[in-house]
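Subject: Structure for you to look through

Dear colleague,

I am passing on the structure we talked about, and below it you will find some notes on the charged side chains. Please keep it open while you read, so that you can look up each pair as you come to it.

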Amino acid sequence: LDLRSGSLIEYSPDMYLTTRFPVTYDPNARCPNIYRFMKTSFESDDDILTCLDLFVSLCRAKASGYFLTLVGPGGNGKKVLESIMMRFVGRDNYTTVRINQLENDRFARQEIMGKRLLINSEVTGEKTESRWIKMIATGDAIDSDIKFKNGHVRFEPYCLQVFDTNL
């Protein structure tokens with residue numbers, strides 16, 4: 001997208017982009033299944049717009065300070081929404097590493113480096129989880145060892161964290 005003109009420009013390898021989503025832009029495309037899912041899963045149009053804002057935020061490589069918690073009885077669409085988000089960003093741009101792994105597994109932290117989305121299902125709300133949730137949401141520097149290499153990396157995460165749990 002050319003920010004000066006608002007027109008769509010064709011991707012080129014010469015552009016400095018760190019992430020490319022597997023999405024083809026088609027201004028005339030319609031998806032009745034996703035539309036129906038959103039109309040039946042959210043209480044209001046404002047809730048749908050908030051959800052769409054989250055999709056837009058996935059395009060930014062900057063910590064948002066937010067995370068998304070999906071709470072409800074089983075079968076209410078939590079997994080469907082997560083699946084849509086994962087398809088939107090593409091396999092290389094999300095991870096499902098467990099938040100509680102970050103505390104004790106020195107290699108697990110590298111799983112969130114450069115990712116746009118972190119999904120955790122059936123979270124428990126343990127105290128160690130809350131520390132990592134805050135660090136990731138605010139983009140605090142995180143140290144990680146690199147698996148199979150004698151190396152260390154420090155990075156600032158920017159992934160949107162999505163947690164789901166049943167009531």
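A residue is called exposed when its relative accessible area is over 50%, buried when that area is under 20%, and partly exposed in between. Please bear in mind that this is a predicted model.

Side chains of opposite charge can pair when their charged atoms come close. Counting a side-chain nitrogen of Lys or Arg within 4 Å of a carboxyl oxygen of Asp or Glu, one arrives at five salt bridges, and I describe some of them here.

One of them joins Asp143 to Arg154, with 2.8 Å from N to O. This pair links distant parts of the chain, since Asp143 belongs to strand E4 (residues 142-146) and Arg154, 11 residues apart from it, to strand E5 (residues 151-155). Arg154 has a relative accessible area of 58% and is therefore exposed, whereas Asp143, at 25%, counts as partly exposed.

Another salt bridge is formed by Asp164 and Lys79, whose closest N and O atoms lie 3.2 Å apart. Here too distant parts of the chain are linked, with Asp164 in strand E6 (residues 160-166) and Lys79 in helix H3 (residues 78-89), 85 residues apart. Asp164 is buried, because its relative accessible area is 1%, while Lys79 is partly exposed at 43%.

Lys39 and Asp45 also meet through their side chains in a salt bridge, at 2.9 Å from N to O. Lys39 is partly exposed, with a relative accessibility of 40%, and Asp45 is partly exposed as well, at 48%.

Best wishes

Key. Residues are numbered from 1 along each chain as its sequence is written. This is a predicted model: local features need pLDDT of at least 70, side-chain atom pairs count only at pLDDT 80 or more; totals for chains, interfaces and linings use all residues. Side-chain values use heavy atoms; hydrogens and water are left out. Buried means under 20% relative accessible area, exposed over 50%, partly exposed in between (1.4 Å probe, protein chains only). Helices (H or I, at least four residues) and strands (E, at least two) are DSSP runs, numbered from the N terminus.
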